[in-house]
Amino acid sequence: MEVKDTLSSTMKTVETREGKRMNMFVCGPTVQDRPHMGHARTYVFYDVLARYLRYKGIRLFYLMNITDIEDHIITKMQETGRSWEDITTSYSSEFFEIMRRLKNNSVNYYAFATDYIKEIIEQILKLIEKGYAYKISDGIYFRVRKFKDYGNLSKQNLDELRAGARVEVREEKEDPLDFALWKMKKEGEPSWPSPWGDGRPGWHIEDTAITESIFGPQYDIHGGAKDLIFPHHESEIAQMEAVSGKKPIVRYWIHTGHLNVDDIKMSKSLKNFVTVEDALRSYWPEAIRIMMLSMKYSAAVNFEEKAAIDAQGNAERISILYHRVSGVPEIRSDWALEMTGRIFAPLENDMNTPEVVREIISFVKDSLARNKLSEQEKGEILYVLRQIEAVFGIVHTVPLPDKSMDIILKMRNESRKKGDYDSADMIRDTLKSLGVHIEDTSEGSYLWW
RNA sequence: GGGUAGGUGGCAGAGCGGCUAUGCACGGGACUGCAGAUCCCGACUAUUGGGGUUCGAAUCCCCACCUACCCUCCA
């Protein structure tokens with residue numbers, strides 16, 4: 001399997017470490033607001049990546065951080081008057097709930113930044129000791145110029161960065177590029193004790209403290225959206241490699257593109273912020289996953305209602321097939337294995353999920369077109385669908401809410417036999433309003449939902 | 001201004017020098033009590049523009065234009 005690595009700008013073959021193990025870290029959210037569709041895009045992608053690596057037999061540990069202390073959270077406190085605990089608890093709970101509803105279930109461990117204050121302080125102490133960090137009145141800063149690889153990931157030239165910098169320069173800093181490792185407490189801000197006084201960690205140091213304490217100084221895959229390349233991931237490289245003296249910190253850097261809405265960047269000020277919860281009111285989680293996976297992960301893409309409607313249609317078709325074949329034992333035949341292999345093959349080429357979605361839709365349509373499925377055929381199709389579900393999570397398999405539906409279905413078919421179509425249609429319409437669809441075929445009537 | 005990716009039919013997206021995928025959406029028909037699912041047919045007759053290399057280019061080279069993202073808020 002090959003992936004596009006941001007640092008080298010080349011395709012790299014994914015190789016596991018001993019014991020087929022891999023460690024993956026993906027930047028999680030700052031819990032200061034509600035999850036939106038951009039988050040959904042990123043986290044659905046990494047979820048599928050994790051599922052696929054495991055499907056291939058790799059023993060993957062998937063770690064995600066939760067930034068629960070950061071400037072934005074403090075701004076939110078000031079704007080709303082809510083406490084730090086209140087804000088971070090409620091938004092992190094909401095994030096986990098959204099992840100669950102989107103079927104993003106592959107994360108092994110969520111690490112909260114504030115649970116790693118001790119490790120953060122230890123890293124800063126090492127950086128000071130090695131001459132990579134210095135103290136000024138409002139905090140501890142990283143000496144960027146001392147780390148000569150700074151800029152390699154984002155392909156930025158430091159001198160041009162400086163020319164384009166539009167932040168106000170703090171005179172005390174040795175260089176405008178230097179970034180904060182520790183920020184001294186200001187009135188009303190949450191803080192933790194440190195050797196330099198009460199304060200809070202800078203944004204970048206959280207992640208390296210977490211990954212070092214869980215993975216060690218080097219690990220395999222680091223993911224996140226493209227906007228994090230600079231300065232966030234750049235700074236992570238500098239911090240960790242400066243602390244440990246070992247490089248590279250990460251073997252494969254993978255970055256996802258942004259999601260725009262109706263050609264405009266999603267932003268709160270433009271009010272085109274689509275929350276995941278809103279989307280889930282209109283579309284199945286499986287549909288949202290299909291929509292996200294229909295686009296190349298690395299490209300910037302546009303979210304349009306039409307794409308969501310298409311995806312919902314495909315999700316429903318998959319569900320129809322699933323409900324037609326479920327109920328028989330799955331059969332892992334040569335045909336089923338070959339079909340599964342063909343469907344997943346494009347993932348080997350830098351996670352080409354759009355190809356896979358097309359393959360899946362073709363498979364589903366072909367299967368639906370085959371009338372009179374034998375038990376054997378149903379079992380084989382079921383096997384393939386289960387593999388698709390394992391990796392993509394796009395098969396709507398929630399259990400039927402009420403077993404009495406079967407009786408209602410029988411009653412309706414009695415009505416149809418008698419030619420009482422008004423009653424039959426009334427039953428169908430009523431069930432539909434409950435989210436349960438009836439599909440009459442020459443083989444009999446099926447339900448799907 | 002600097003950097004990184006790109007520009008293929010309505011949308012998504014293959015093609016990696018010659019045989020112009022594919023999926024969805026769209027139009028017509030079949031089947032069905034109707035709907036859905038499915039099938040058949042059709043239309044889209046696409047490769048940002050301009051040069052060049054070549055017997056031959058969406059595919060290679062040059063120029064221009066355009067788009068997205070980054071240049072210390074951001075998944």
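A polar contact is taken here as a pair of N or O atoms within 3.5 Å; within protein, one atom must be able to donate a hydrogen and the other to accept it, and residues adjacent in sequence count only if both atoms are side-chain atoms. The structure is a predicted model, in which local features need pLDDT of at least 70 and side-chain atom pairs count only at pLDDT 80 or more, whereas totals for chains, interfaces and linings use all residues. Residues are numbered from 1 along each chain as its sequence is written, chains are lettered from A and ligands numbered from 1 in the order in which they are written, and side-chain values use heavy atoms, with hydrogens and water left out.

In the model, a backbone N or O atom of Leu259 is placed 3.2 Å from a base nitrogen of RNA strand B. Two side chains approach sugar or linking oxygens of the strand: a polar atom of Asp310 at 3.0 Å and an N or O atom of Arg358 at 3.1 Å. RNA strand B is surrounded by 55 residues, a residue being near the strand if one of its heavy atoms lies within 4 Å of it. The closest are His72, Glu160, Pro176, Trp203 and Arg428. Sugar or phosphate accounts for 63% of the strand atoms within 4 Å of the protein, and bases for the rest. The surface near the strand comprises 20 nonpolar, 16 polar and 19 charged residues (nonpolar: Ala, Val, Leu, Ile, Met, Phe, Trp, Tyr, Cys and Pro; charged: Asp, Glu, Lys and Arg; polar: the others, Gly among them). Helix α12 (residues 353-369) contributes the largest share of this surface, 8 residues; helices (H or I, at least four residues) and strands (E, at least two) are DSSP runs numbered from the N terminus.

Chain A is divided into domain 1 (2-260), domain 2 (310-392) and domain 3 (405-448), with bounds from an automatic or database domain assignment. Domain 1 and domain 2 each bring 12 residues to their contact (heavy atoms within 4.5 Å). About 1200 Å² is buried between these two domains, 56% of it on carbon and sulfur atoms; buried area is the accessible area (1.4 Å probe) that two parts lose on being put together, summed over both. Arg51, Tyr52 and Tyr55 lose the most area on the domain 1 side, together 47% of what that side buries.

Between domain 1 and domain 2 there are 2 salt bridges (a side-chain nitrogen of Lys or Arg within 4 Å of a carboxyl oxygen of Asp or Glu). Lys103 is joined in a salt bridge to Glu389, with the closest N and O atoms 3.0 Å apart.
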